[in-house]
Protein chains: 2
Amino acid sequence: MTIDVKKAAELLKENDNIILISHQHPDGDTLGCAFALFYALKKLNKKVHFECQNEIPKKFRFLCNGLVNDEFENGFVVSVDVADRKLLGEDIDKKYGEKIDLAIDHHLSHRSFSPFLLLEERAAACEIVFSVIEQLGVEIDRKIANCLYVGISTDTGCFRYTNTTAHTHLCAAKLIELGAENGKINTLLFETKTKTYAALEKLALSNLELYFDGKCALMSVTKEMFRESGSDETECDGISALPRQIEGVLAGVTIREKGENEYKVSVRTNDPIDACEICSKLGGGGHIRASGCTVYGTLEEAKKIILDTVKESL
Amino acid sequence: MTIDVKKAAELLKENDNIILISHQHPDGDTLGCAFALFYALKKLNKKVHFECQNEIPKKFRFLCNGLVNDEFENGFVVSVDVADRKLLGEDIDKKYGEKIDLAIDHHLSHRSFSPFLLLEERAAACEIVFSVIEQLGVEIDRKIANCLYVGISTDTGCFRYTNTTAHTHLCAAKLIELGAENGKINTLLFETKTKTYAALEKLALSNLELYFDGKCALMSVTKEMFRESGSDETECDGISALPRQIEGVLAGVTIREKGENEYKVSVRTNDPIDACEICSKLGGGGHIRASGCTVYGTLEEAKKIILDTVKESL
């Protein structure tokens, strides 16, 4: 059942022992949602528990400094920014997949898995959670404002991407007035490259290839490159943005080696190419300009699979 | 005499034959201000003339498609985003430097040169011009909104830099509601690299050096690099942002060869280093996090001059 912000706030108010879950390989938006709600619900004196399949990337850990996870068995389970049960990750899906009470999400490709769904088309799920927290009547302090700002800024490439709306900027304005440290956060998340990441970027860009008259750019990031650069998965979120930046490219593809014959594919597109359409064909999904999927095979096979699929859309 | 937005609007209403001038090597903010005012004043049926020392960079030309410059000799002269007379450029200074009636600016380092000065501390001068146009009572159409959005987004690194305030985001929200094509503009200005620029970036980054325990990063861009990459001055505004992005760097310096023994220096800093203080010592100026100056000598001499000055601030 699709519900509105008011009903979602009511459900949260009515319940105690609230379990917040983020999607696997958590990004700024899913963590921003979870931690903002965590702090807000604690202000209402509720017991709150947070869980996620994977470790929290270093750069987002400042958001949960001092967060004390309550421990309890059963509760009201809320997923944030999760478009599909399988994006919970195996362990979390096993533990909570059947028991999610409320899903708060902004993916139009959302595959319903909960009795209650709050779904709005917003650039970031944090824009929706912001409304929910306002509706809860909780005073938004700097800590909460920072969480929401991180979600909004990371999901929009810091207001660069075409998903950014007037509403997104209004949220940012309000959050800055509420104390969000936008300058510090942006410097940390968007204007700082570790030396290891800078080295990885160089390696990745050196194998970037253009296809289909320069309309598609494809770049691969292998485990060997991680070893050589000293970089790791947790610091390379931004790398998928690079192939699309080359002039004339409509589909920018990044293939990242995950395991034996397993590749995570990121597709970023420019108008009019639909990234979600491309990735859905391969069992993935996401947004019109940024989507992902997993493909299997050797690197060459993986490239061929994704290039064939991109070609159909060009 | 320092005036407010209301008085500035009155002056513009009272006068006809208005001459708008931008600073030399025009960027998105000075052009956004000039063209937004141009279109707004035309809506009030005034004769308007625009002038600038240098050519308009290609990427900003979409802002003045269809702009018809009125030609007349004398008029009410308005400078926009000009901090100092000498930033007008030689020809423009000769022609108008003594005759500027109104300066609209956002540089706290502004050196007054006009009987009337509208100065506010904003991230972009376009934030101020936005208020002036609202005060003029002119309906802001998509064309004007695009000009103002370009100024605001370029002067804040698309809302990344620490100069971005709640007011900046509020302006962006309003402009998007008024029709500003933020998605298209951002893709063009921030998410697209020409192949020649990408090649220049690679050459420049390969000579980046760290000084003072990694607190200063210095990179030079020579005429030879422009030749080798096929790039030119008009497409490399963003390059000065790169040195400061390396983790641990407090002062990022870019030295660009301008002429025989003449180098344009860009300084970008992180808290607590004051870029304006550094550049002021060398006869330049700007903002606390981004400033510029010109130094003379061989490349090695120019490097030494700027490094010695940076060292005093570290």
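Is Y39(A) buried or exposed in this predicted model? With a relative accessibility of 8%, Y39(A) counts as buried, because the limit for that term is under 20% relative accessible area.

**View 1. The aromatic pair of F38(A) and Y39(A) in chain A.** Across all chains the structure holds 9 aromatic pairs, and one of them is formed by F38(A) and Y39(A). A pair of aromatic rings is described by the distance between the centres and the angle between the planes. For F38(A) and Y39(A) the centres lie 6.3 Å apart and the planes make an angle of 75°, an arrangement that is edge-to-face. F38(A), like its partner, is buried, and its relative accessible area is 1%, while Y39(A) has the value of 8% given above.

**View 2. The aromatic pair of F159(A) and F159(B).** The rings of F159(A) and F159(B) are also arranged edge-to-face, with 5.9 Å from centre to centre and 70° between the planes. F159(A) belongs to the loop between α5 (142-155) and α6 (166-177) of chain A, and F159(B) to the loop between α5 (142-155) and α6 (166-177) of chain B, so this pair joins two chains. Both F159(A) and F159(B) are buried. Together with Y149(A) and Y149(B), these two residues make up one aromatic cluster.

**View 3. The relation between chain A and chain B.** A turn of 180°, with a shift of 0.0 Å along the axis, lays chain B on chain A with an RMSD of 0.0 Å. The two copies are therefore related as by a two-fold rotation axis. Within chain B, the C-alpha nearest the axis belongs to H169(B), and it lies 2.6 Å from the axis. The same surface serves both copies, since 100% of the contact residues of chain B recur in chain A.

**View 4. N186(A) and its surroundings.** N186(A) is part of helix α7 (residues 182-190) of chain A, and with a relative accessible area of 0% this residue is buried. A polar atom of the N186(A) side chain lies 3.1 Å from the backbone oxygen of R160(B). Setting aside residues up to four places away in sequence, N186(A) touches Y149(A), S153(A), C158(A) and E191(A), together with F159(B) and R160(B). Two of these names return from View 2, where Y149(A) and F159(B) are members of the aromatic cluster.

**View 5. Charged ends over aromatic rings in chain A.** The charged end of K174(A) sits over the ring of F130(A), at 5.2 Å from the centre of that ring. In another place, the charged end of R244(A) sits over the ring of Y161(A), and here the distance from the ring centre is 5.3 Å.

**View 6. H107(B) and its contacts in chain B.** H107(B) is placed in the loop between β4 (100-105) and β5 (116-119) of chain B, and at 11% relative accessibility this residue counts as buried. The side chain of H107(B) is joined to that of D105(B) by a polar contact of 2.6 Å. When neighbours within four places in sequence are left aside, H107(B) is in contact with D81(B), A83(B), L119(B), G286(B) and H287(B).

**Confidence of the prediction.** Chain A has a mean pLDDT of 95, and 100% of its residues reach 70 or more. For the model, the scores are ipTM 0.88 and pTM 0.88.

Notes:
Residues are numbered from 1 along each chain as its sequence is written. Chains are lettered from A and ligands numbered from 1 in the order in which they are written. This is a predicted model: local features need pLDDT of at least 70, side-chain atom pairs count only at pLDDT 80 or more; totals for chains, interfaces and linings use all residues. Side-chain values use heavy atoms; hydrogens and water are left out. Copies are superposed by least squares on the C-alpha atoms of residues with pLDDT of at least 70 in both. Contact means heavy atoms within 4.5 Å. Helices (H or I, at least four residues) and strands (E, at least two) are DSSP runs, numbered from the N terminus. Buried means under 20% relative accessible area, exposed over 50%, partly exposed in between (1.4 Å probe, protein chains only). A polar contact is a pair of N or O atoms within 3.5 Å; within protein, one must be able to donate a hydrogen and the other to accept it, and residues adjacent in sequence count only if both atoms are side-chain atoms. Rings of Phe, Tyr and Trp (its six-membered ring) pair if their centres lie within 6.5 Å; planes under 30 degrees apart count as stacked, over 60 as edge-to-face and the rest as tilted. A charge sits over a ring if NZ of Lys or CZ of Arg is within 6 Å of the ring centre and within 35 degrees of the ring normal. pLDDT is the predictor's confidence in each residue, from 0 to 100.
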